[in-house]
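Q: Please take a close look at one part of this structure and describe its surroundings in a connected account. I am new to the structure, so each term should be explained where it is used.

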Amino acid sequence: MAEHDSQQGHRLIRFAEQGDQQQVEALLRSRVDAAYQDPSDGRSALIAAASEGHAAVVKTLLAAGAPWNAFDRQANCAGDYALAGQHEDCVEVLLNAGVQAELILGAIERKARSAQPSNSSYLEQRVQYLKEGAQLVDEESQGVMMAWEGPLMQAHAKAICSGGGDVLNVGFGLGLVDMAIQSKNPRSHTIIEAHPDVLRKMREDGWEDKPNVHVVHGRWQDVISQLGQYDGIFFDTFGEDYEDLREFQHQMIHLLRPGGLYSYFNGLSADNAFFHMVSCEVVKCELAAKGLSTSFIPLPINVADPAIWQDILNKYWQLDTYLLPIVQWTSIDSGVTDCKDPSS
Ligand SMILES: C[S@@+](CC[C@H](N)C(=O)[O-])C[C@H]1O[C@@H](n2cnc3c(N)ncnc32)[C@H](O)[C@@H]1O
């Protein structure tokens, strides 16, 4: 029986690779598992079809239950192969499938979510500034913030200060984005920071004495209701997940003035190019539902040098392009989004 299943699975992969829609459909009708993966290399029919650019077969397999996010043994999913082969139509089909699946999964997971802060253990442990202030690490040597992000932080600061006025930053870290914001001389500059060791460092470095700076102590979740309105907002915390970012964005819309600009550190799924694309689209869809339009500025980035990650436990960035989010209120005449959120 198992041998028969694996033979049928291999036939499905072969027909998918050849783009033979009829044979693929016939096998699926005879209940061959659409999710079958060759045990030797992890290749699936979806990966085979996406690698060869057979978009119709990709659609059929997804409809039959093939998971968009299954990895082969080289840690690549079907979307990675579609991207590598520049098969735009396959990329689009897989991207839509990934976004719809993640929106549904998010809605399900939210129901089971604990009330405990996701980064409570981080906030309770000591953190240290190392390498003459170029690194902030926790007790397990996880990189909280690293100097290689400096050019990205400058680009974020430039974006959120582009309209002048009042600026809010959530998460101080090394203060890279805050130094860049200061260089733009905004009318006011509010910083929310939760970690006691980081707050101590901010005090020592004179951040509380700067005339236009207002440091708010505490978790953003606990202090956000005390805030006013801003022309530029940036969000970059540590140890929090997409649900935290999503919740922040839900509240942020009350803080962002008309004509204002919001951005966030775009590190979601930053260990896989296609997953990262899906995450970007999920955020874009959810912000569109709130009346905000999101675009991404691609910035080249090279962190391949192992010396950058020496002594750091979590290599939290693997990609060669950073997609800097620019989020603004959608103007009335800019059209409606075609994003369907199945969770709403
Ligand atoms: C990645 S660092 C920020 C780096 C910063 N953008 C920079 O340019 O250096 C994250 C910061 O967010 C702080 N943080 C984590 N969770 C927080 C929360 N819920 N509220 C406020 N700050 C938080 C951390 O203590 C840390 O200082």
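A: H276 lies in helix α13, which spans residues 273-288; helices (H or I, at least four residues) and strands (E, at least two) are DSSP runs, numbered from the N terminus. The model is predicted, so local features need pLDDT of at least 70 and side-chain atom pairs count only at pLDDT 80 or more, whereas totals for chains, interfaces and linings use all residues. Residues are numbered from 1 along each chain as its sequence is written, and side-chain values use heavy atoms, with hydrogens and water left out.

H276 is buried, its relative accessible area being 2%; buried means under 20% relative accessible area, exposed over 50%, and partly exposed in between, with a 1.4 Å probe and protein chains only. When neighbours within four places in sequence are left aside, H276 is in contact with N266, L268, S269, A270, W317, L319 and L323, where contact means heavy atoms within 4.5 Å. From H276 to V57 the separation is 219 residues in sequence and 24 Å in space, C-alpha to C-alpha.

The setting of helix α13 includes a sheet. Seven strands form this open sheet, in the order β6-β5-β4-β7-β8-β10-β9, and the pairing is mixed; two strands pair if DSSP finds at least two bridges between them. Strands of a sheet pair through backbone hydrogen bonds, either parallel or antiparallel. The edge strands are β6 (213-217) and β9 (292-300), each of which pairs on one side only. From one strand to the next, the twist averages 20°; axes are lines fitted to C-alpha atoms, for helices over the stretch in contact, and angles run from 0 to 180 degrees between N-to-C directions.

At one end of that order, β9 and β10 (residues 321-329) pair in the antiparallel sense over 9 bridges. There, L292 stands opposite W329 in β10. Helix α13 packs on the sheet and touches β8, β9 and β10, its direction making about 155° with that of β9. A further helix, α12 (residues 242-252), lies across β4 (166-170), β7 (230-235), β8 (256-264) and β9, and runs at about 165° to β8.

Elsewhere in the sheet, β4 and β5 run parallel and are joined by 5 bridges. One bridge partnership links V167 with H189 in β5. Of the 6 residues of strand β5 (residues 188-193), 5 are buried, so this strand is largely enclosed by the rest of the structure. Strand β7 contains D231, which is buried at a relative accessible area of 18%. Apart from neighbours within four places in sequence, D231 is in contact with I160, G164, G165, D166, R187, L256, R257, G260 and L261.

Aromatic residues also involve helix α13. The structure holds 17 aromatic pairs; rings of Phe, Tyr and Trp (its six-membered ring) pair if their centres lie within 6.5 Å, and planes under 30 degrees apart count as stacked, over 60 as edge-to-face and the rest as tilted. W68 and F275 form a tilted pair, 5.0 Å centre to centre with 45° between the planes. W68 lies in the loop between α4 (55-63) and α5 (78-84) and F275 in helix α13, so the pair ties together parts that are 207 residues apart in sequence. W68 is buried at 7% relative accessibility, and F275 is buried at 18%. W317, one of the contacts of H276, belongs to an aromatic cluster with W148, F265, W309, Y316 and Y322.

Rings also meet charged side chains. The charged end of K210 sits over the ring of W207, 4.9 Å from its centre, and R14 lies over the face of F15, at 5.6 Å from the ring centre; a charge sits over a ring if NZ of Lys or CZ of Arg is within 6 Å of the ring centre and within 35 degrees of the ring normal.

The structure holds 0 disulfides, a disulfide being a pair of cysteine sulfur atoms within 2.5 Å. The cysteine sulfur closest to that of C77 is in C90, 12 Å away and therefore too far for a bond. C77 is buried, with 0% relative accessible area, and C90 likewise counts as buried at 0% relative accessibility.

As for the whole, the protein has 13 helices and 10 strands. Its C-alpha atoms fill a box of roughly 75 × 50 × 35 Å, taken along the principal axes. Of its 344 residues, 49% count as buried. Among contacts between residues at least 6 apart in sequence, 68% join residues at least 24 apart.
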